[in-house]
Amino acid sequence: MTSAPLPASARVVQSFGDHGWAVAEPVKECDESQPVRIQYQRKLGRCLAGDRVELGSQNEVKRILQRRNRFGRGTKSGQYQAIAANLDSLIIVIAPRPAPSISLLHRYLTAARIERIEPVIVVNKMDLEWPDQAPFNQLDQLGVPVHRVQCEPVPDMDVLQPVLNHGVHLLAGQSGVGKSSISNALLPDLDLQTQALSDATGKGRHTTSAATLYSLSKGGWLVDTPGVWEYGLWTMPAKTLERGFPEFEPYSTQCRFRDCSHQHEPGCAVLDAVERGEIKPFRYQAWLGLLAEQARLGR
Ligand SMILES: Nc1nc2c(ncn2[C@@H]2O[C@H](COP(=O)(O)OP(=O)(O)O)[C@@H](O)[C@H]2O)c(=O)[nH]1
Ligand SMILES: [Mg+2]
Ligand SMILES: [Zn+2]
């Protein structure tokens with residue numbers, strides 16, 4: 001473990017209850033890119049992976065720089081749990097196999113949009129047959145960039161490189177879609193970075209479920225969330241959920257009731273727009289699905 005103090009400003013790459021691990025930024029211009037242990041002070045609270053912090057002489061966190069956003073999830077009981085901070089994009093990975101969960105896709109889109117994080121869809125395993133069914137035939141109607149890549153038999157990630165030139169990007173998606181394969185293809189020195197971190201923390205990549213930042217060769221960061229977990233939303237007001245559906249916005253201000261949930265209320269401009277074909281029926285179905293989920297969470 002290194003004990004040399006970091007420059008005043010550093011990036012948190014992993015965070016736990018009362019301490020975390022941070023590296024100096026920018027990484028490539030710094031000889032000492034070994035993670036150092038940082039200590040949280042009660043009055044500031046705990047950091048999140050992705051936070052930028054100012055450190056004191058003992059590597060204690062003196063200040064958490066203002067977060068642009070937080071990406072989080074819901075626990076089983078619907079409580080909000082933050083995962084990482086300061087994301088530029090949420091990279092939602094899907095593949096022909098395993099068959100995608102459509103509701104999961106809409107949950108991710110919603111979580112990203114609520115926090116003004118840009119959602120990006122990456123379809124992996126393009127070497128496999130392209131299914132002519134939902135959600136694959138709906139992707140181009142989501143208003144979200146879609147990139148098609150493959151890791152096998154020969155990696156082809158070129159379309160992703162411009163997205164990852166700078167910024168912080170979290171890889172999300174169900175188990176088996178190829179997130180680890182994509183990390184490996186994008187991070188030629190992943191093993192070295194993993195080793196440096198486990199030397200420092202004494203924990204291996206596969207024994208921690210903490211979100212971890214890896215530095216990309218052009219600058220910027222890839223956030224991996226190891227460990228398998230279901231992704232669910234947290235309990236939130238319907239108006240917050242609606243931020244996940246930007247295509248509703250021009251209409252929802254015209255609904256008769258200010259707190260219209262766009263289900264069966266009279267004078268609902270969103271429902272009218274669905275009927276006129278101005279809002280995609282599959283997106284409206286996704287809205288109803290997420291509302292039903294919210295009702296279950298609240299119980
Ligand atoms: N055919 C094919 N298989 C892939 C591709 N990328 C990953 N896989 C395979 O998909 C499985 C799951 O990959 P992994 O990276 O562990 O997925 P993760 O669970 O999302 O991290 C592994 O057996 C990979 O070899 C690809 O582009 N094409
Ligand atoms: Mg994996
Ligand atoms: Zn309405």
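Student: What makes the Lys179 backbone and ligand 1 a polar contact?

Tutor: A backbone N or O atom of Lys179 lies 2.7 Å from an oxygen atom of ligand 1. A polar contact is a pair of N or O atoms within 3.5 Å; within protein, one must be able to donate a hydrogen and the other to accept it, and residues adjacent in sequence count only if both atoms are side-chain atoms. The Lys179 pair therefore qualifies. Taken alone, ligand 1 exposes 580 Å², and the protein buries 71% of that (Shrake-Rupley method, 1.4 Å probe).

The model is predicted: local features need pLDDT of at least 70, side-chain atom pairs count only at pLDDT 80 or more, and totals for chains, interfaces and linings use all residues. Residues are numbered from 1 along each chain as written, chains are lettered from A and ligands numbered from 1 in written order, and side-chain values use heavy atoms, without hydrogens and water.

Student: Which polar backbone atom is 2.7 Å from an oxygen atom of ligand 1?

Tutor: One of Cys151. Val177 has a backbone N or O atom 3.4 Å from a ligand 1 oxygen.

Student: What is the count of salt bridges between domain 1 and domain 2?

Tutor: The count is 0. A salt bridge needs a side-chain nitrogen of Lys or Arg within 4 Å of a carboxyl oxygen of Asp or Glu, so no pair across these domains meets the rule. Polar contacts do occur there: 5 residue pairs, both at pLDDT 80 or more.

Student: How many residues of domain 1 are in contact with domain 2?

Tutor: 18 residues of domain 1 are in contact with 22 of domain 2 (heavy atoms within 4.5 Å).
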